[in-house]
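I opened this entry to keep track of what I looked up, residue by residue and then ring by ring.

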Amino acid sequence: MSDFPTTARVVIIGGGAVGASCAYHISKAGWDVVLLEKNELTAGSTWHAAGNCPSFSTSWAVMNMQRYSLDLYRRLADEVDYPMNYHVTGSIRLGHSKERMQEFERARGMGIYQGMDLEMMQVSDIKERYPFIETYDLSGGLYDPDDGDIDPAQLTQALAKGARQMGAKILRFTPATGVSKENDEWIVHTEKGDIRCEKVVNAAGYYAQRVGEWFKPFGGRTVPMAVMSHQYFLTEPIEELERWSKENGKLPLLRDVDSSYYLRQEKYGLNLGPYERNGKAHWITPDDPMPDDFSFQLYPDDLERLEWYIEDAMARVPILGASGVGRVINGPIPYAPDGLPLIGPMPGVKNAYEACVFTFGITQAGGAGKVLAEWVTEGQTEWDMWAVDPRRFTDYTDPQYCIDKAMEVYGHEYAMHFPWHRWPAAPDRRLSPVHDKIIAQGGQMGAYNGWERANWFAQSGDDTSEEATETWARSGPWEPRIREECEAVRDNVGVLDLPGFSRFNLDGEGASDWLRSRITGALPKIGRMNLIYFADERGRVLTEMSCLRHGENHMTLITAASAQWHDWEVLWRNLPSGLTLTDRSADFSTLIVVGPQSRALFEQIGTDADLSQTWLSHQTAVVAGRPCLLARVSFAGELGWEVHAENEHIPALYESVIGAGAKPFGMWALNSLRLEKGYRTWKGDLSTDYSVLQSGLERFVKWDKPDFVGKAAMEVERQQGISKRFTTLVIDAPEEFDAPYMATIWKNGEIVGEVTSGGWGYRVGKSIALGMVKPELATEGTALEIDIFGTRFAATVQADAPLWDRDNERLRA
């Protein structure tokens, strides 16, 4: 083929709505793009998608992405001169309980902040907008005027046309067959020839895992996903609906989220799409292999799975039963273990990206293309997109894990994500060396990058049922136990078993000089430790690490469990030759021993350590007869040490510490303790949504050292003035609730900021929120309000100092 392109800057594999959007947005950035599709555009999940377009989400990042999509879709047809059936009908979400209405209030607050017009509904409002509905058991609803539906094929073709107009080449019936690498160039192989390119994007939909295997020789991993069967059916025309529609227009899209289905008007019939608890995964067994090509194909009908949902929907909207089933759609939809897509750098592989595993690919396609294009062309995104970053999953996501979690997420597609609730599927992927002991002590576990950690410790008679955790309230069987755990740390000594810290050793001639060039501040002296911050080119917070310096060019970098693959790549992607970076995360574990009696405890169990060494020191030592590293640091804000040891030594160390009287405490107590100190958490308080200066971290910036990443942007920001400032607030909150993430902060009827984390401080006896506000409001004593599930409560800005142990006297004792 004389017109076959043999070179491009970017090759995209996959021609669904998401792949076409990636091509559109990368082309818009001025880059040369080739998109490869094995069949016709839309041949995968796109062609059979229902095409619903909600903006609703309780994820700040996903809401941003979907909001952008809907704005794009309103103007796309005119922009590229391609007609589309896009119906903005509005939608109603039904609430059956107080907890559901609280979720709606939280989403509404987030939506208002993003410029959306979400509206809480009384039961009477629902009947006015949807006259065919039965409302006898409802608590209310949420109305989204921007919701609706779009024709997925037309959307994809419009995006493709726009990409072509900007120079992209879209090759249909051109399946990619593999990739190879020559020097720093990718070679994408097809049946028609090879294409050399700088960067590759896996946008292969439910074939993404198969495409991902091509990248394993270059550092890749198995894409974490499973494929679910999703059914919806269309009724024949309904006379009563036809008469009403001719006078009033199209009904709003209806979602009964507590019963788990959507109901949408389709011409003069209805489209019912349940997410059933007894869902079915496909292509997971030898007798059901994934076909080489499933283009424009469907699974056999299986309506028996949907019987309960059909009956429930007919009781809710009786006209649904007034006409027969016209058509059943049963097609494959890919699911990641948490139900969110993979958008961003491919873990372990340079110059490769993923935009795949979309469960709601139509409403997210526009925003996904924008985000992916920013990753490809700029190396960073406008919004912090950790919620969908492929690096959020690491090597614990084996195939059975992915299947079990996909089944769970699919069956709870509209479920509320309560702060105390743990989804039970696929536990115990990574265990502490003392896991059985923690369980025997009553540990109620949570998963942190697959690592099992105790959230709290139950006592005999405590309600540990899953149902007890399905609440937004602070109160629950865990609350008195968290209080006891915090008081033990305050008054005596506690121990937290903390497996899974991400732990990297950095060595080699020049390692210190190189690391200085990457961070905003200074390195610690040998034998000391400190926090180091990495900024992106805009001066925004990329990550935070603890640096333990053992020698001139020998350091251990410790960071959050969830940051393992992200922070590895922050280092690895820019690592000069001659330096060695080693991931030791799985080889070591950690005990946090903290409280005013912790020094006495170490003396009791025996150690050769110098316990008089000051805060932020570290030393190798023998404790209770076992070798370890003692780091004089405490995220809990009391006198204490982190005990880092190889896994084989942890059981003996733990037994000794417990035997000397330390009380086990969990992650929820630690969260309360760190809030009282104003300590930030990664991807909560610290993210690329905020700059280093906005985050109140200027003391970690060394302005007089040579250029470091982000310095120029930070100097401009310092000169022009920051637009937000991190602050601590105390809330006159109700007894039950604390401020959730992204709760809005108000002043005189105007939103002036947002909460980045919140909770109860048991040492200070107050509800605490950390957040961002306009800089002129970040002064001690400023009176503000925080919206907590629809009610605004008075909040007061605190001094720029810890609420507990303001001068850090206890920490340094």
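**Ser55 and its surroundings**

I began with Ser55, which is buried at a relative accessible area of 2%. The model is a predicted one, and I read every value below with that in mind. I placed Ser55 in the loop between α2 (45-48) and α3 (60-80). Next I asked what its side chain touches by polar contact. The partner is the side chain of Asp144, at 2.6 Å. I then listed the contacts of Ser55, leaving aside neighbours within four places in sequence: Met63, Gln66, Leu70, Met116 and Asp144. Asp144 thus appears both in that contact list and as the polar partner.

**Positive phi outside glycine**

I noted two residues here. Phe173 has a phi near 55°, a positive value, and is not a glycine. I found Phe173 in the loop between β8 (169-171) and β9 (176-182). Is Phe173 buried or exposed? I logged Phe173 as partly exposed, because its relative accessibility is 43%.

Asn183 is not a glycine either, and has a positive phi of about 60°. Asn183 sits in the loop between β9 and β10 (185-190). I logged Asn183 as exposed, at 73% relative accessibility.

**Aromatic pairs**

I counted the aromatic pairs and got 30 in the structure. I looked up Trp283 and Phe294, which pair edge-to-face with 5.2 Å between centres and 80° between planes. Both Trp283 and Phe294 lie in the loop between β16 (280-282) and α9 (307-316), eleven residues apart. Trp283 is buried at 13% relative accessible area, and Phe294 is buried at 8%.

I turned to Tyr533 and Phe700, a tilted pair with centres 4.9 Å apart and planes at 55°. This pair links distant parts of the chain, 167 residues apart: Tyr533 is in strand β24 (residues 529-535), Phe700 in the loop between α18 (667-677) and α19 (711-720). Tyr533 is buried, with a relative accessible area of 3%. For Phe700 the relative accessible area is 19%; I still entered Phe700 as buried, because the cut-off is under 20%.

I went back to Trp283 and Phe294 and asked which cluster they belong to. Ring pairs join them with Tyr206, Tyr207 and Tyr299.

**Arginines over rings**

I closed with two arginines. Arg680 lies over the face of Phe726, 3.8 Å from the ring centre. Arg718 lies over the face of Trp703, also at 3.8 Å from the ring centre.

Definitions and conventions: Residues are numbered from 1 along each chain as its sequence is written. This is a predicted model: local features need pLDDT of at least 70, side-chain atom pairs count only at pLDDT 80 or more; totals for chains, interfaces and linings use all residues. Side-chain values use heavy atoms; hydrogens and water are left out. Helices (H or I, at least four residues) and strands (E, at least two) are DSSP runs, numbered from the N terminus. Buried means under 20% relative accessible area, exposed over 50%, partly exposed in between (1.4 Å probe, protein chains only). A polar contact is a pair of N or O atoms within 3.5 Å; within protein, one must be able to donate a hydrogen and the other to accept it, and residues adjacent in sequence count only if both atoms are side-chain atoms. Contact means heavy atoms within 4.5 Å. Rings of Phe, Tyr and Trp (its six-membered ring) pair if their centres lie within 6.5 Å; planes under 30 degrees apart count as stacked, over 60 as edge-to-face and the rest as tilted. A charge sits over a ring if NZ of Lys or CZ of Arg is within 6 Å of the ring centre and within 35 degrees of the ring normal.
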